[in-house]
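I opened the notebook to record what I looked up in this structure. The entries follow in the order I made them.

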Amino acid sequence: MEYIVSARKYRPMTFDSVVGQESLTTTLKNAVLSGKLAHAFLFCGPRGVGKTTCARIFAKTINCEHPTADGEACNECESCKAFNEQRSLNIFELDAASNNSVENIKVLMEQTRVPPQLGRYKVFIIDEVHMLSTQAFNAFLKTLEEPPSYVIFILATTEKHKILPTIISRCQIYDFDRMDVPHIVNHLKMVAGKEGITYEEEALNLIAEKADGGMRDALSIFDQSAVFCHGNLTYDKVMENLNVLDNDQFFRIVDLSLENKVADIMVLLNTIINNGFDGGQLVNGLAHHLRNVMMAKDTATLPLLEVSERVREKYKAQAAKCPAKFLYQALRYCNECDIHYRESSNKRLLVELTLIEIAQETQADDVPGGGRRPYKSLKSLFNKLVALSQQQSAPQVAATEHPARRHAQVALAGEAATRPEQRVNQESAPAATAPAAAAATAHKRMGDYSVSFKSLKTAGQAKKAINEPEVTNKDEETQFSQSDLSREWLAMCNRMPQDMAGLAARLKHISPQITNYPNIELVVNNQGLLDQVNLIKNRIRKTMAMALHNGNIDFSTRLAKAEEVKPILSKRELFDKLRKENHALEQLRTALDLELA
């Protein structure tokens with residue numbers, strides 16, 4: 001006996017058997033009963049939700065000689081039998097994906113001139129209509145607007161935005177919904193019962209979630225899993241067949257993050273990757289899990305979870321333990337990782353850093369006094385290892401120090417302890433005295449455990465900033481425009497050395513502005529980046545003076561105000577913005593049928 005896949009074998013033959021589209025099927029049945037039929041319909045929605053199926057049922061019903069009282073076909077008249085046996089001469093289907101030329105449409109128009117021999121209407125179903133060429137659409141317009149009284153067009157598409165507005169305005173539009181998980185699970189139970197397949201409800205839920213709202217996809221996955229499981233669908237077997245991560249892994253990652261157990265998370269990540277899963281797949285799954293946990297925190301959003309009752313209770317239990325702020329930040333970290341994952345050269349490190357950032361959210365701050373640090377950094381999540389390392393290294397350093405160097409270090413430490421700001425000024429001075437220079441040399445070689453890291457960093461920054469080069473072409477006064485400034489700024493960022501690659505990438509997204517010609521100003525969104533720019537401020541000024549041939553340039557920086565902070569747009573968002581602002585660009589894109597790669 002010939003095997004037929006479930007998507008074809010159990011394809012609905014009546015409006016009542018269509019799953020998950022009750023509002024649309026009710027409207028179509030009422031149109032049949034009232035006889036108020038439009039000459040053109042546009043069925044649009046995701047793949048596998050019943051667009052073509054409803055078009056065929058509708059075409060059969062309007063040609064039925066004895067429709068039932070509720071608007072269904074009788075399946076007994078000659079027209080219904082011809083349709084069921086696929087020999088009806090009144091229903092024509094055209095696949096626009098492979099028949100999208102003007103000649104194909106002209107052949108279709110010729111067929112509209114012949115009235116039906118059996119039944120009342122000739123129905124033309126054009127699937128994937130968005131694939132028609134612009135010329136084919138134009139050839140179709142006139143007939144679509146004023147077809148013969150016995151002709152009805154049903155257009156089906158998954159991408160309504162690609163259809164010309166002149167086509168859409170001539171049709172009645174029916175938007176099909178994505179299938180939700182309960183509807184898919186109920187239909188799979190019906191199919192499993194008829195096929196004699198045993199199942200666990202968790203397995204069917206997993207198939208429904210994997211189908212992503214498409215009934216056809218769900219039935220295809222169901223057939224594949226039934227063969228893999230030998231007719232007994234279990235959760236573990238279906239998960240192995242579909243190669244998806246177990247929800248328990250995500251529950252465990254969140255629990256470990258709440259306990260700040262980074263080492264255990266790294267071991268779990270390594271196990272997941274060794275099992276053949278991609279880091280990006282893990283981050284996307286974790287983001288979906290965190291979203292579900294956030295929805296489970298409120299009874300009003302709890303119905304948004306398309307999971308079984310057992311899993312819903314697990315989400316509720318974990319949501320009770322998770323602070324809302326932790327969930328918001330964790331979702332933001334996952335989203336940032338997803339954005340940068342493709343372009344990252346070390347994808348595993350990016351995933352590891354994301355998981356570390358999530359795990360540190362509920363840990364107490366490391367800054368003395370409880371204040372937040374002015375820049376983003378990772379907390380000391382391995383405090384025990386750090387403390388042990390310091391205890392082991394301190395005696396070794398003390399034992400190997402030369403007496404003269406130790407004396408110089410102690411003297412410098414005492415000076416920093418009494419007047420740290422004086423020490424910074426002395427190190428920053430262009431002409432330091434001999435004793436101070438000797439002390440600074442000794443400090444640089446041996447390190448100072450008595451002086452805070454912040455003081456050392458401030459001193460180094462001040463010294464580096466003062467020793468920056470000065471402008472050498474002060475006699476040049478060439479005029480320059482904002483476009484010249486933007487061009488040379490980008491060129492400077494591209495020429496920055498490799499050790500400044502991170503800074504250069506961030507500076508490319510910021511454009512300096514001419515304030516009081518020839519003075520230019522750079523507005524920075526955060527303090528950390530502003531500190532980095534100020535370190536090389538004089539170098540930037542000299543570079544721009546040389547590039548723009550104007551030695552009178554004054555380069556200033558400041559922190560952006562709250563109302564000046566603008567989001568950094570991705571390539572897709574920037575493209576969409578240009579399309580909205582420039583109608584000519586959108587017309588060119590439509591004419592050439594272009595899409596952003």
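At what angle do the axes of helix 8 and helix 10 cross? I worked from a predicted model, and I found a crossing of roughly 45 degrees, with the axes coming within 11 Å. Helix 8 covers residues 181–195 and helix 10 covers residues 215–228. Because of that angle, helix 8 is oblique to helix 10. I noted the crossing of helix 8 past helix 10 as right-handed.

I then listed the residues that make this contact. Helix 8 contributes His183, Ile184, His187, Leu188, Val191 and Ala192, while helix 10 contributes Met215, Ala218, Leu219 and Phe222. Sorted by class, the contact holds eight nonpolar residues, two polar ones and no charged ones.

Next I looked up helix 14 (residues 279–295) and helix 15 (residues 309–321). Their axes lie 8 Å apart, and the packing angle is about 80 degrees. I entered helix 14 as roughly perpendicular to helix 15, because an angle from 65 to 115 degrees counts as such. On the helix 14 side the contact residues are His289, Asn292 and Val293; on the helix 15 side they are Tyr315, Gln318 and Ala319. By class I recorded three nonpolar, three polar and no charged residues in the contact of helix 14 with helix 15.

I turned to the cores. The largest nonpolar core has 53 residues. Phe43, Ile154, Phe222 and Leu233 have the most contacts inside it. Phe222 had already come up in the contact of helix 8 with helix 10. A second core, separate from the largest one, has 40 residues, including Leu245, Leu282, Tyr333 and Cys337.

I followed up Leu233. Setting aside neighbours within four places in sequence, I found Leu233 in contact with residues that include Ile197, Tyr199, Leu204, Ile207, Phe222 and Val238. Thr198, Glu200 and Ser225 are also among the contacts of Leu233.

Is Leu530 buried or exposed? I put Leu530 down as buried, because its relative accessibility is 8% and the cut-off is under 20%. Leu530 sits in helix 25, residues 527–535. Beyond its neighbours within four places in sequence, Leu530 is in contact with Val524, Thr557, Arg558 and Leu559. Leu530 and Leu559 are 29 residues apart in sequence, with their C-alpha atoms 6.9 Å apart.

Last, I took down totals for the protein chain. I counted 28 helices and ten strands. Of the 597 residues, 39% are buried. Among contacts with a separation of 6 or more, 71% join residues 24 or more positions apart.

Terms used. Residues are numbered from 1 along each chain as its sequence is written. This is a predicted model: local features need pLDDT of at least 70, side-chain atom pairs count only at pLDDT 80 or more; totals for chains, interfaces and linings use all residues. Side-chain values use heavy atoms; hydrogens and water are left out. A nonpolar core is a set of buried Ala, Val, Leu, Ile, Met, Phe, Trp, Tyr and Cys residues joined through side-chain atoms within 4.5 Å. Buried means under 20% relative accessible area, exposed over 50%, partly exposed in between (1.4 Å probe, protein chains only). Contact means heavy atoms within 4.5 Å. Axes are lines fitted to C-alpha atoms, for helices over the stretch in contact, and angles run from 0 to 180 degrees between N-to-C directions. Helices (H or I, at least four residues) and strands (E, at least two) are DSSP runs, numbered from the N terminus. Angles under 35 degrees count as roughly parallel, over 145 as roughly antiparallel, 65 to 115 as roughly perpendicular and the rest as oblique. A crossing is left-handed if the near helix is turned anticlockwise from the far one by less than a right angle, and right-handed if clockwise. Ala, Val, Leu, Ile, Met, Phe, Trp, Tyr, Cys and Pro count as nonpolar, Asp, Glu, Lys and Arg as charged, and the others, Gly among them, as polar.
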